Amino acid sequence: MYHVATTSQFGLVFESFLPQVQTMTPILYFGLFAMSFDFISGYTGYLSFGHAVFYGTGAYLVIVIANGKIPLLAAGTPFMISVVLAAVLAALIAVAIGLVSFRLTGVYFAMITLGFAQVFYVFIRGWDWVATAPRDGPSVSFGTHPEGFRIGIPYVDGASYAIGRLYGSGLEGFLGLFDLSTTVVSFYMIGLVVLVCYLAMQRIIHSPFGRVMIAIRENEERARAIGYNTFYYKLGAFAISGAFAGVAGALFAGYRRSVTPENTFYFLTTGDALLSSIIGGLGTLAGPLYGRLFEQGLDEFLSKGSEGGGLLPMLQEYLSRSILETNALGLTIEEMIDAFINGRASLYVGIVFVLFVLFVPNGLLGSLRERVGGPIAKLPGRLFGGEKP
């Protein structure tokens with residue numbers, strides 16, 4: 001669809017508004033992290049400000065396994081096994097943190113999880129076992145993984161495809177129709193893992209366990225009064241959430257082949273997940289992915305042309321030079337666009353965040369669900385099958 005849209009006669013317009021494939025891949029793995037944040041924060045009401053711990057754990061574990069630093073795990077351990085191990089380790093750390101943190105509620109819970117995150121962040125920055133320069137983080141050499149990490153069935157090369165920002169698997173003559181570049185293959189393979197994780201989380205939320213999570217969010221005292229041990233339900237939800245955050249971190253490390261404390265364990269990583277959840281809709285699960293897409297799309301649209309934007313190349317194509325060079329308030333229109341819009345994406349994303357908090361508290365997906373009277377997936381049934389909301 002992207003290829004068809006961008007090669008049509010309105011290709012430049014679509015290129016300006018639609019994020020590029022290189023942007024979509026980071027949206028997928030970070031969107032999974034934001035969904036894991038929403039899984040615990042949006043469905044139990046406990047804001048986990050230290051969720052970056054689990055994301056960083058998954059990312060670092062993949063890198064140190066690939067560098068052969070874990071006993072009994074060779075450097076050539078299949079990536080999917082590393083992903084599973086990352087999920088297990090992140091879940092175990094979540095249990096350890098949750099055993100302490102869930103004795104508190106409200107802002108105290110948020111603060112203690114943030115405190116744990118800072119402890120891990122400072123620790124990993126000074127742990128020279130993971131990297132020669134721990135402040136810069138570890139990376140994987142192309143000598144140990146020349147083709148990139150492979151997603152698929154372990155030990156079956158024909159069912160696995162390498163991913164990577166710079167290297168990976170490309171497909172020539174896919175289905176006899178067209179070629180897929182390494183970037184596009186990475187996008188689909190990472191998207192496949194994200195889709196499986198999303199469906200798993202959806203299944204859990206719609207199970208009896210998930211109903212108890214929602215009951216805790218709505219009224220924990222009442223849930224406890226009818227016989228549920230809410231502590232263990234919260235701990236279980238936290239562990240599950242941590243496991244999926246670990247998978248997201250593993251995908252990030254597999255795609256980038258390097259990690260740093262700042263882009264994994266730092267508390268602002270959790271802040272980005274919170275931002276995506278607020279914009280997309282807290283308590284909607286898929287909403288954080290759309291929130292991340294909206295945020296990154298806006299960022300790319302307002303970035304300078306050399307960075308993948310956006311607005312100025314489109315205006316230069318469709319506006320005449322006489323309009324662009326029209327002088328107003330001492331600047332030409334083109335100069336005003338360059339001064340007030342291009343490269344100011346972070347400023348406008350911040351303004352959008354404030355506006356969402358004030359006027360769209362349910363986020364994009366939450367507001368849309370209110371409009372249609374329930375989940376979007378059930379809309380055809382309500383329209384044509386007479387199903388009630």
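This is a chat about a predicted model, covering a core, a pair of strands and one loop residue.

Reader: Which residues in the largest nonpolar core touch the most other members?

Author: Those residues are Leu32, Phe54, Ile190 and Leu251, and they belong to a core of 77 residues. Several elements give two or more residues to this core, among them helix H3 (21–44), helix H4 (52–66) and strand S1. The largest share, 15 residues, comes from H9.

Reader: OK, and what does Phe54 touch?

Author: Leaving out residues up to four places away in sequence, Phe54 touches Ala90, Ile93, Ala94, Ile97, Phe238, Gly242, Ala245 and Gly246.

Reader: Switching to strand S1, which of its side chains are buried?

Author: In S1, which spans residues 149–152, the side chains alternate, with Phe149 and Ile151 buried on one face, while Arg150 and Gly152 point to the other face and are not buried.

Reader: And how many bridges join S1 to strand S2?

Author: There are 4 bridges between S1 and S2 (residues 160–163), and the two strands run antiparallel. Within this pairing, Arg150 stands opposite Ala162 of S2.

Reader: Now the loop between H9 and helix H10: why is Asn263 called partly exposed?

Author: Asn263 is called partly exposed because its relative accessible area is 25%, and the partly exposed class lies between the 20% and 50% limits.

Reader: What is Asn263 in contact with, then?

Author: Setting aside neighbours within four places in sequence, Asn263 is in contact with Tyr55, Phe252, Arg256 and Thr269. A polar atom of the Asn263 side chain also lies 3.0 Å from the backbone nitrogen of Thr260.

Notes:
Residues numbered from 1 in each chain as written. Predicted model: local features only at pLDDT ≥ 70, side-chain atom pairs only at ≥ 80, totals over all residues. Heavy atoms only, no water. Buried < 20%, exposed > 50% of the residue type's maximum accessible area, 1.4 Å probe, protein only. Pairing = 2+ DSSP bridges. Core = buried A, V, L, I, M, F, W, Y, C linked by side-chain atoms within 4.5 Å. Contact = heavy atoms within 4.5 Å. Polar contact = N/O pair within 3.5 Å; in protein donor to acceptor, adjacent residues only side chain to side chain.
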